[in-house]
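Visitor: I am new to this structure and would like a close look at a single part. Could you take me through it slowly and then show how it sits in the whole?

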Amino acid sequence: MSGRILTFNIFRYDPQEPGDKPKMVQYQLAETSGMTVFIALNRLRQEQDPSLQFDFVCRAGICGSCAMVINGFPTLACRTLTAKYPKGEITLMPLPGFELIGDLSVNTGKFMRELAERLQLWLHPKGGDMDIHRLEDPMAPEEAAKLYELERCVECGVCVSACATKQMRDTFVGAVGMMKIARFELDSRDGRSADDFYHVIGNQDGVFGCMTLLGCQDNCPKDLPHMQQIAYLRRKMASTLL
Amino acid sequence: MTAGVSKARVLTVHTLNPRRAGHPWSARADKLQSITGLMLGGFLLLHMHFESSILLGKEVFYQVVQLLEGGMFSSTGHGFPWVTKLFSVLMLAVVCLHAALALRRFPTQLGQWRQLRAHLGSIAHKDTHAWFWQLITGFVLFFLVPVHLFTMILNPEIGPHLSAERVYHDNAWLLYGLLLPAVVVHAMIGLYRVAVKWGWVQQRAPLRKLIKALIIYLLLLGSASLLAYMVIGQGLSLPVTPFVPGGG
């Protein structure tokens, strides 16, 4: 598909700049083979508009920084080939639901930190054992594999932007929060009881507020099993709480 | 008179329970919404087929009505219309409960509605769009279902001629014409959601196809039977005499 001229419609707005207003700006670029939206954005910034703002670090779908809405689908720019769009028209919008830094750059870090603090998304060792010199108990490979599956989340924010429930209700935990709760609940090293976890997501802001719209499941760039995970938590909590 | 703070004179201490694990009522509400939804969706599937038996002829419909009204318990073989009345009251109660629980999902503030519209406009996601239609049809059903149920509570007589009279001469076709698409779309998307919500179905694509096929099938079935009642109603002269089996 190389040789085509791609047309990019990009959301531009810098909240730091007084008087700036949100607008859609059009750019054109010659497509090269294997081009991703991330590569195209770098070329645009290098060759056409150095003021263009967007986030990236790893360019390999690992850091989760370059998430944006591409032609209506929230996803990672570095994993989206421009060849996917036969018309050669690509519209880029920043992820909704996050603080806008500028253009396509949003502050997912601030959101994820607040979520982690609210849900206490870190390991709470059993018995409050904080001795960092003590060797950890060995973990069964099956358990480690299960944890690893949930640990693959890169905190890109796609599930938050793809969730209409989250967009309507700010206090809703969202798929990323529930996925991380599930991760620590599985962890045998974590001292928190099931009750402790239910306390934070066994309510309208957690699993019982989820309307099963499945934007998280359908858009997660890491293909995490959100649907099964949330259904599992819902079943488990419904049977425990009743 | 600030002669120092004396010892606190506490009578009793009642400890509040700040660490209640989750909210049982959130769980109950979610479960009950699904259960009542399943009941209503299941009922709709049966109801649509029973009323559509008119497509197989007046005689068949007549027999179906007698059977459902408990005709086997009467000496004459005729059913009791109060069975319909009682059932309508029960269904109204289930609908009320379902509606009250579903209200939790409605965007009740203008800001939420704005967010929802903006989301639908910017994110292409079919299941979310399906939910939006479930929301809209759910709102419509708040007003249409009670009208239908009150009609059946106040006027429970059902029969090939009596129902046709209701549809054609009493203009209930207008109600049914609006009710049919709203209830079919709402219920089928709802059944789909319940199945994936509790993790009973992992493969969504075949389920989606089944639901789409069911929506088309039920709409056709409902429209055809509505048309049948219209045609029968048109051929009736007022006052309408109830259908007599065998003699037509």
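**A close look at one helix and its surroundings**

Guide: In this predicted model, we can begin in chain A, where Ile70(A) stands opposite Leu92(A) in β5(A). The two strands concerned, β3 (residues 67–70) and β5 (residues 89–93) of chain A, pair in the antiparallel sense over 2 bridges. They belong to an open sheet of 5 strands in chain A, ordered β2-β1-β5-β3-β4, in which the pairing is mixed. At the edges of this sheet stand β2 (23–30) and β4 (73–76) of chain A, and because each has a single partner strand, one side of each is left without a neighbour in the sheet. On average, and with direction ignored, neighbouring strands of the sheet are turned by 30° against each other. Across β1 (5–12), β2, β3 and β5 of chain A lies helix α1 (residues 37–47) of the same chain, which runs at about 95° to β2(A).

From there we can turn to chain B, and to the part that deserves the closest look. Helix α1 (residues 24–51) of chain B has 28 residues and reaches 40 Å from its first C-alpha to its last, close to the 40 Å expected at 1.5 Å a residue. Several of its residues are buried, among them Ser26(B), Ala27(B), Asp30(B), Gln33(B) and Leu40(B), and Glu51(B), which is the last residue of the stretch 24–51, is buried as well.

This helix also has a part in the meeting of the chains, a contact that takes 30 residues from chain B and 33 residues from chain A. On the side of chain B that touches chain A, at least two residues each come from α1, α4 (110–122), α5 (126–154) and α7 (172–197) of chain B, and the largest share, 7 residues, comes from α1(B). Sorted by class, that side of chain B has 11 nonpolar, 11 polar and 8 charged residues.

Stepping back to the chain that holds this helix, we find that chain B has 8 helices and 0 strands. Its radius of gyration is 25 Å, well over the 18 Å that the globule rule gives for 248 residues, so chain B is more spread out than a compact globule. Along its principal axes, the C-alpha trace of chain B spans about 100 × 50 × 35 Å. Buried residues make up 28% of the 248 residues in chain B, while among its contacts with a separation of 6 or more, 77% are accounted for by residues 24 or more positions apart.

Key: Residues numbered from 1 in each chain as written. Chains lettered and ligands numbered in written order. Predicted model: local features only at pLDDT ≥ 70, side-chain atom pairs only at ≥ 80, totals over all residues. Pairing = 2+ DSSP bridges. Helix = DSSP H or I, 4+ residues; strand = E, 2+ residues; numbered from the N terminus. Axes fitted to C-alpha atoms, helices over the stretch in contact; angles between N-to-C directions. Contact = placed C-beta atoms within 7 Å. Expected span 1.5 Å × (residues − 1). Buried ≥ 20, exposed ≤ 12 C-beta atoms within 10 Å, placed from the backbone. Rg over C-alpha atoms; globule rule 2.2 N^0.38 Å. Nonpolar A, V, L, I, M, F, W, Y, C, P; charged D, E, K, R; others polar.
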